[in-house]
Amino acid sequence: MRRLFWLAMGVTIGALVVRKLSAAAERMTPAGILGSFADGLRQLAEAIGDFGADVRAAAAEREAELRTGTGLDAPLPARAQLALPAALPGRHAADN
């Protein structure tokens, strides 16, 4: 019974080792390396896209804060309030 146990254990460990070595060998082939490279590029593109989205969201948030703080989103004054003064301060009529 002990021998049968150890034989089964050896076969199981041997099968696992062969599977791991086969997977490692497959990764070292040109197709495996190219697949890993493509996956890396895909992940890099996703990271750059996520970064760009975060930057755009932060910029929009900051722009909204600045517009609120400076009053740029306030309604425009009525036409009657836009009348310009006859002379600007510090200017003389003779300078024109």
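A nonpolar patch on the surface of this predicted model is formed by Phe 5, Trp 6, Met 9, Ile 13, Val 17 and Leu 21, which together have about 620 Å² of accessible area (Shrake-Rupley method, 1.4 Å probe, with only the protein chains shown counting as cover for residues). Membership in such a patch requires over 30% relative accessible area and no salt bridge, with nonpolar side chains joined within 5 Å; a salt bridge is a side-chain nitrogen of Lys or Arg within 4 Å of a carboxyl oxygen of Asp or Glu. Local features need pLDDT of at least 70 and side-chain atom pairs 80 or more, while totals for chains, interfaces and linings use all residues. Residues are numbered from 1 along each chain, and side-chain values use heavy atoms, leaving out hydrogens and water.

Within the patch, Ile 13 is found in helix α1, residues 2-27 (a DSSP run of H or I, at least four residues). Ile 13 counts as partly exposed because its relative accessibility is 45% (buried is under 20%, exposed over 50%, partly exposed in between). Phe 5, at 47%, is likewise partly exposed, and Trp 6, at 57%, counts as exposed.

One aromatic pair turns up in a search of the whole structure. Phe 5 and Trp 6 form this pair, edge-to-face, with 5.1 Å centre to centre and 75° between the planes (ring centres within 6.5 Å, planes over 60 degrees apart for edge-to-face).

Turning to the whole chain, there are two helices and zero strands (strands being E runs of at least two residues). Of its 96 residues, 2% count as buried. The chain exposes about 9,000 Å², with carbon and sulfur atoms supplying 67%.

Key:
Patches are made of residues with over 30% relative accessible area and no salt bridge: like charges are joined within 9 Å, nonpolar side chains (Val, Leu, Ile, Met, Phe, Trp, Tyr) within 5 Å. Buried means under 20% relative accessible area, exposed over 50%, partly exposed in between (1.4 Å probe, protein chains only). Rings of Phe, Tyr and Trp (its six-membered ring) pair if their centres lie within 6.5 Å; planes under 30 degrees apart count as stacked, over 60 as edge-to-face and the rest as tilted.
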